[in-house]
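Hi everyone, thanks for coming. Let me put the structure up, and then we'll walk through a few parts of it together.

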Amino acid sequence: MATLLEPTARLSESPQILAAIRKPDCNLAVWERATSPALGALVKAPREDVRFEARLSGLATRLENELDQAGYAASTERAALIADIVDLAQRYGAIMEESILSVRLAVVTTDSCRKFHADYVKARLITTYVGTGTQWIDGEDAACVARDEPPQRIQTLKAGDVGLFKGKMWTQSPAIHRSPPIADTGETRLMLVLDPPRGP
């Protein structure tokens, strides 16, 4: 009889759960939280994706400049977005012991990364401000995908949830996830990704 694989995700309404990613038996830490419906206003106009590396100490100013160039007009919603990104970046930087981060803010309308996969990073922070969140599988379902079998239970982060996904550069059992399939639905997602710096 096969041994069932234990779930390796940890979920909590406390932001302190993110630090659980440092434990060997955790490959996904999820801070369950709500997001403001008002942030939906940020995807009502065409936006350029934002992608850059920056020091935590100057992140707020860099975000202001990058969002200006990407077409995000000054607003209460934009100010709230910047404050949240800075807060998440500080939490992520402390956990990962990094002072420089790679930041990506993307408006998504397609099935990007639609296949279940693990990232080739040490750990990646993902949150979806608007739209359906990242989908993930755990335990036996992750083993199914490794055997090219369909998973029985696909779990989905809610808008606002923060997931810290352990990648291939940290463990041989990384978090398995994908972007939700939204092509042809008319849905628009606003997604933030934080990574360690890419290096030289």
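A word we'll need right away is buried: that means under 20% relative accessible area, while exposed is over 50% and partly exposed lies in between, using a 1.4 Å probe and protein chains only. Please keep in mind that this is a predicted model, where local features need pLDDT of at least 70, side-chain atom pairs count only at pLDDT 80 or more, and totals for chains, interfaces and linings use all residues. Residues are numbered from 1 along each chain as its sequence is written, and side-chain values use heavy atoms, leaving out hydrogens and water.

Let's begin with Arg124, which is found in strand E5; helices (H or I, at least four residues) and strands (E, at least two) are DSSP runs, numbered from the N terminus. Arg124 has a relative accessible area of 16%, so it counts as buried. Which residues does Arg124 touch? Setting aside residues up to four places away in sequence, they include Tyr92, Gly163 and Leu164, with contact meaning heavy atoms within 4.5 Å.

Now for helix H2, residues 76–96. Its 21 residues should span 30 Å at 1.5 Å a residue, and its end C-alpha atoms are 30 Å apart, so the two agree; the expected span is 1.5 Å times one less than the number of residues. Among the buried residues of H2 are Leu81, Ile85 and Tyr92. The buried residues pack against several elements, including helix H1 (59–70) and strand E4 (100–108). Just after H2 comes Glu97, with a positive phi near 55 degrees.
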